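The following exercises are to be worked with the sequence and the three-dimensional model side by side. Each task is followed by a solution in steps.

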Amino acid sequence: MQDFKMQLTQEQQDILDGKQGEVMAKVMKTLVMFGEIFGAKRLIKVTHDQGHLVTSFGIGLLKPLYRTMDELIGAGIKTKGKFTVDPRPIDYENVKCNILEKLVFSKFMYSEQASYEEQMRKVGLRDADSFSCTCYLPEVGNVPKKGDILSWAESSAVVFANSVLGARCNRNSGMLDLFGSIVGYVPDFGLVTDEGRKATWKVYVKTTKKPEAQILGSAIGMKVMEDVPYVYGLDKFIGNELNDETVAYLKDFGAATASNGAVGLYHIDKLTPEAVEQGESLIVDGAKEYVIDDAELERVYKSYPVMWKDKEAEPKLCFVGCPHLTYKQLKNWTDAIADGLQKAGRKKVKVRTVLCASPGVVKKFEKTPDYEKLVKTGAKLTSICPLMYTNNPLTKSKAIATNSNKLRTYSVARYYKDADLLSVITGKEGN
Ligand code: F3S
């Protein structure tokens, strides 16, 4: 038997020793080994038992994952609570694909989608509407409380839960999110500890107007990488109340910090819960400093490479909603597109446009008159992950436009500021 340095409770040791079966022992061993790599001295209880899995796509190559799922199912193992999962990769009805693309997606790339979803159902997937990276929004309903310990991995959800909700979660990888949700424990290190939540950077926002959330997040992410920033000066633009608007802003800001860097937690002075409660005592002595003014934001924006084959091409497809849009964002984009089209004297969007939101937000939106308004513009609404659509050999050659810095980072999509993207969609300059 392998010796571990970690102090385990009797219950944890029993699981490790195989008293709940060989498969559970393997699950526990993986978590213990992972924790030891990061110097964790113990495992702590997951207090929010609804997990969230990052791996939502049935890519043929992930054979070890499917084998592990089969082992879990064979041993009758399920997660403690039900879990949600990242968005699906395919929605042929709303994100049209040609015959060749369909062939590549269904037969090669996501050939295991149906069987993997069946495996997830057997292990504890909540329901068919659980596919979204914004699991923490009320319409999806996987909402941890302040201080809750989580076993999640999706980077945009982890940074939101840590920063905006004050929950505690490390940036885990796929499988570890599932294993923590099965045994109900996670290793005690990093962002689940008080010490790990201290800020090592002071960031001063000194712009003359409200910064684009996705560019500000990108600038901070690229500067601080995996460190924790404490951000001053943003409250001046977005206020000091967590409401629909600030939540949407911080969602997009956080996703950019997490994808352009590796931020798992940020504090916004006078706004996010720990900053409100503990203020500057959250900042370590000797913290580094970063000042962001208009010129710095513009420098960061200009640094994004255009990866299209033909850099001067007209966009052929626009994706809005990575991470998935909140209900309010979806309504705002609908109004802005309809308004922009009217000003441009057009009836339909100029460029094929897809808005992405969780199934819960989409269902709520479909019941309102705004849904008809959106349909009339010709824009489509889906709950897929645009990255999974974009990231394949065929779509790689397409001139895809987006206002998501995460999508820009991981695909060849080109980043546009919100107003510029709206101009692309409606054909109206200077909306
Ligand atoms: Fe969500 Fe996919 Fe973007 S998981 S954050 S929509 S890359």
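Two residues are in contact when heavy atoms of each lie within 4.5 Å. The model is a predicted one.

**Exercise 1. The nonpolar core around L216**

Task: Determine which residues L216 touches, leaving out residues up to four places away in sequence, and describe the core that L216 belongs to.

Solution.

Step 1. With those sequence neighbours set aside, L216 touches V205, P211, L234, Y249, F253, I292 and L297.

Step 2. The largest nonpolar core has 44 residues, and L216 is among the members that touch the most others, together with W152, L250 and F253.

Step 3. At least two residues of this core come from each of helix 6, strand 5 (199-205), helix 8, helix 9 (235-238), helix 10, strand 8 (283-292) and helix 12 (294-302). Helix 8 gives the most, with six residues.

Step 4. Another core lies apart from this one; its 34 residues include V32, Y116, M120 and V123.

**Exercise 2. The surroundings of H48**

Task: Is H48 buried or exposed, and which residues is H48 in contact with beyond four places in sequence?

Solution.

Step 1. H48 is located in the loop between strand 1 (43-45) and strand 2 (52-53).

Step 2. The relative accessible area of H48 is 9%. The limit for a buried residue is under 20%, so H48 is buried.

Step 3. Beyond its neighbours within four places in sequence, H48 is in contact with N142, V143, P144, D148, I149, L150 and W152.

Step 4. For P144, the separation from H48 is 96 residues in sequence, while the C-alpha to C-alpha distance is 6.1 Å.

**Exercise 3. Two open sheets**

Task: State the strand order of the open sheet of four strands and of the open sheet formed by five strands, and identify the edge strands in each.

Solution.

Step 1. The sheet of four strands has the order 7-6-5-8, and its pairing is parallel.

Step 2. Strand 7 (267-268) and strand 8 each have a single partner strand and stand at the edges, so one side of each has no neighbour in the sheet.

Step 3. Strand 6 (residues 229-232) runs parallel to strand 7 and is joined to it by two bridges. In this pairing, Y230 stands opposite H267.

Step 4. The sheet of five strands has the order 11-10-9-12-13, again with parallel pairing. Strand 11 (380-382) and strand 13 (414-415) are its edges; each has a single partner strand, so one side of each is left without a neighbour in the sheet.

Step 5. Five bridges join strand 9 to strand 10 (residues 352-357), and the two run parallel. L317 stands opposite R352 in strand 10.

**Exercise 4. The two largest pockets**

Task: Give the volume of the largest pocket and of the second largest pocket, and state which element gives the most to each lining.

Solution.

Step 1. The largest pocket holds about 700 Å³ of space. Its lining has 28 residues, of which E212, Q329, N332, W333 and D418 are the closest to its centre.

Step 2. Two or more lining residues come from helix 8 (213-224), helix 10 (244-260), strand 9 (317-325), helix 13 (327-344) and helix 18 (418-426). The largest share, eight residues, belongs to helix 13.

Step 3. By class, this lining of the largest pocket consists of eleven nonpolar, eight polar and nine charged residues.

Step 4. The second largest pocket holds about 540 Å³. It is lined by 28 residues, and V54, D86, E154, L387 and K406 lie nearest its centre.

Step 5. Helix 6 (155-163), strand 9, helix 16 (386-390) and helix 17 (405-410) give two or more residues each to the second lining. Strand 9 gives the most, with four residues.

Step 6. The lining of the second largest pocket comprises 15 nonpolar, nine polar and four charged residues.

**Exercise 5. The cavities**

Task: How many cavities of 30 Å³ or more does a search of the whole structure find, and which residues line the largest cavity?

Solution.

Step 1. The search finds two such cavities.

Step 2. The largest cavity, of about 50 Å³, is lined by L53, V54, T55, L65, M69, Y116, G174, M175, D177 and L178. Helix 3 (63-74) and helix 7 (176-183) each supply at least two of these residues.

Step 3. The second largest cavity has a volume of about 40 Å³. Its lining has six nonpolar, two polar and no charged residues.

Methods. Residues numbered from 1 in each chain as written. Predicted model: local features only at pLDDT ≥ 70, side-chain atom pairs only at ≥ 80, totals over all residues. Heavy atoms only, no water. 1 Å grid on protein atoms, 1.4 Å probe; cavity = no way out; pocket = protein on both sides within 12 Å on 5 of 7 lines; lining within 4 Å. Points joined across faces, edges and corners; volume = space filled by probe spheres on them. Nonpolar A, V, L, I, M, F, W, Y, C, P; charged D, E, K, R; others polar. Core = buried A, V, L, I, M, F, W, Y, C linked by side-chain atoms within 4.5 Å. Buried < 20%, exposed > 50% of the residue type's maximum accessible area, 1.4 Å probe, protein only. Pairing = 2+ DSSP bridges.
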